[in-house]
Amino acid sequence: MKKFKFIFTFVLFLLFSFSNAQKIGVVDTEYILNKLPQYKEAEARLNSQIDTWESELQNLNSEYEKKRSAFENERVLLVGEQLKLREKEVTDLDKNIKSTTSLRFGTNGEIKKLRSNLVEPFQDQIWNAVKTMSEKNGLGIVIDKSNNISVIFLQKRYDYTDKVLDILLKGTEKKEKTNKRSKK
């Protein structure tokens with residue numbers, strides 16, 4: 001009888017542990033972002049802004065090189081106050097280039113801020129879609145394979161990327177339909 005109770009308890013414990021096992025799913029947020037048309041538009045605006053800033057910086061650099069070479073060539077001819085004035089002009093331009101580079105392209109520069117402002121709303125949308133999808137499919141853990149996580153092998157049934165993308169695109173289609181209706 002004790003053996004029977006022990007075996008029964010053991011089997012009951014195994015069944016209970018299997019029923020509480022967590023399901024794991026995998027999504028690829030980078031793939032999802034690349035499939036969202038709004039993200040592509042925002043990224044294009046960001047790249048356009050970056051190109052504008054890079055061309056401004058190139059113009060400043062070429063102006064600096066011209067003034068520096070002109071100053072080096074005329075240095076022998078300049079005297080006293082003229083020499084100091086031209087030298088200050090060149091060093092001020094150099095400082096301006098360095099501060100502009102740091103301000104726009106530095107670690108806490110405008111590009112980083114713009115990029116985070118660009119990505120944050122989409123990350124929130126993806127988070128909500130992942131949450132909805134995981135609740136529908138009873139997932140306990142969802143892993144993002146685009147964030148430097150090495151997924152060596154993944155069966156398609158555990159990849160929920162397309163389901164999350166469907167949820168996101170359905171939300172966009174609904175917004176587009178209401179926008180079209182309100183315009184009519």
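**Figure 1. The largest nonpolar core of the predicted model.** Among the 22 residues that make up the largest nonpolar core, those touching the most other members are Ile32, Leu36, Tyr39, Leu118, Phe122, Val164 and Leu168. The model shown in this and the following views is a predicted one. At least two residues of this core are supplied by each of helix 2 (29-35), helix 3, helix 5 (110-137) and helix 6 (161-183), and the largest share, eight residues, comes from helix 5. Phe122, one of the residues of this core that touch the most other members, is in contact with Leu33, Leu36, Gln38, Tyr39 and Ala42 when residues up to four places away in sequence are not counted. A second core of eight residues, separate from this one, includes Leu57, Phe71, Leu93 and Ile97.

**Figure 2. The contact of helix 3 with helix 5.** The axes of these two helices come within 10 Å and cross at roughly 175°, and helix 3 is therefore roughly antiparallel to helix 5. On the side of helix 3, the residues that take part are Gln38, Tyr39, Ala42, Glu43, Leu46, Gln49, Ile50 and Trp53, and they meet Glu110, Ile111, Leu114, Arg115, Leu118, Val119 and Phe122 of helix 5. Sorted by class, this contact has 10 nonpolar, two polar and three charged residues.

**Figure 3. The surroundings of Ile50.** Ile50 lies in helix 3 and is one of the residues through which this helix meets helix 5. With a relative accessibility of 10%, Ile50 counts as buried, because the cut-off for a buried residue is under 20%. Leaving aside residues up to four places away in sequence, Ile50 touches Phe105, Ile111 and Arg115. Of these partners, Phe105 is 55 residues from Ile50 along the chain, and the C-alpha atoms of the two residues are separated by 9.0 Å.

**Figure 4. The crossing of helix 3 and helix 4.** Helix 3 (residues 37-74) and helix 4 (residues 80-105) have axes that come within 10 Å of each other and cross at roughly 160°. Because angles over 145 degrees count as roughly antiparallel, helix 3 is described as roughly antiparallel to helix 4. The crossing of these two helices is left-handed, and their contact comprises, by class, 12 nonpolar, four polar and 11 charged residues.

**Figure 5. The surroundings of Ser134.** Ser134 has its place in helix 5, the helix that gives the largest share of the largest nonpolar core. Its relative accessibility is 13%, and Ser134 therefore counts as buried. When residues up to four places away in sequence are not counted, Ser134 touches Leu139 and Val142.

**Figure 6. The protein chain as the setting of the close-up views.** The protein chain has six helices and two strands, and from the N terminus on its elements follow the order α-β-α-α-α-α-β-α. Of the 184 residues in the protein chain, 23% are buried, Ile50 and Ser134 being among them. Among the contacts in the protein chain with a separation of 6 or more, 78% are accounted for by residues 24 or more positions apart; the contact of Ile50 with Phe105, residues that lie 55 apart along the chain, is one of these.

Note on methods: Residues numbered from 1 in each chain as written. Predicted model: local features only at pLDDT ≥ 70, side-chain atom pairs only at ≥ 80, totals over all residues. Heavy atoms only, no water. Axes fitted to C-alpha atoms, helices over the stretch in contact; angles between N-to-C directions. Helix = DSSP H or I, 4+ residues; strand = E, 2+ residues; numbered from the N terminus. Parallel < 35°, antiparallel > 145°, perpendicular 65-115°, else oblique. Left-handed = near helix turned anticlockwise from the far one by under 90°. Nonpolar A, V, L, I, M, F, W, Y, C, P; charged D, E, K, R; others polar. Core = buried A, V, L, I, M, F, W, Y, C linked by side-chain atoms within 4.5 Å. Buried < 20%, exposed > 50% of the residue type's maximum accessible area, 1.4 Å probe, protein only. Contact = heavy atoms within 4.5 Å.
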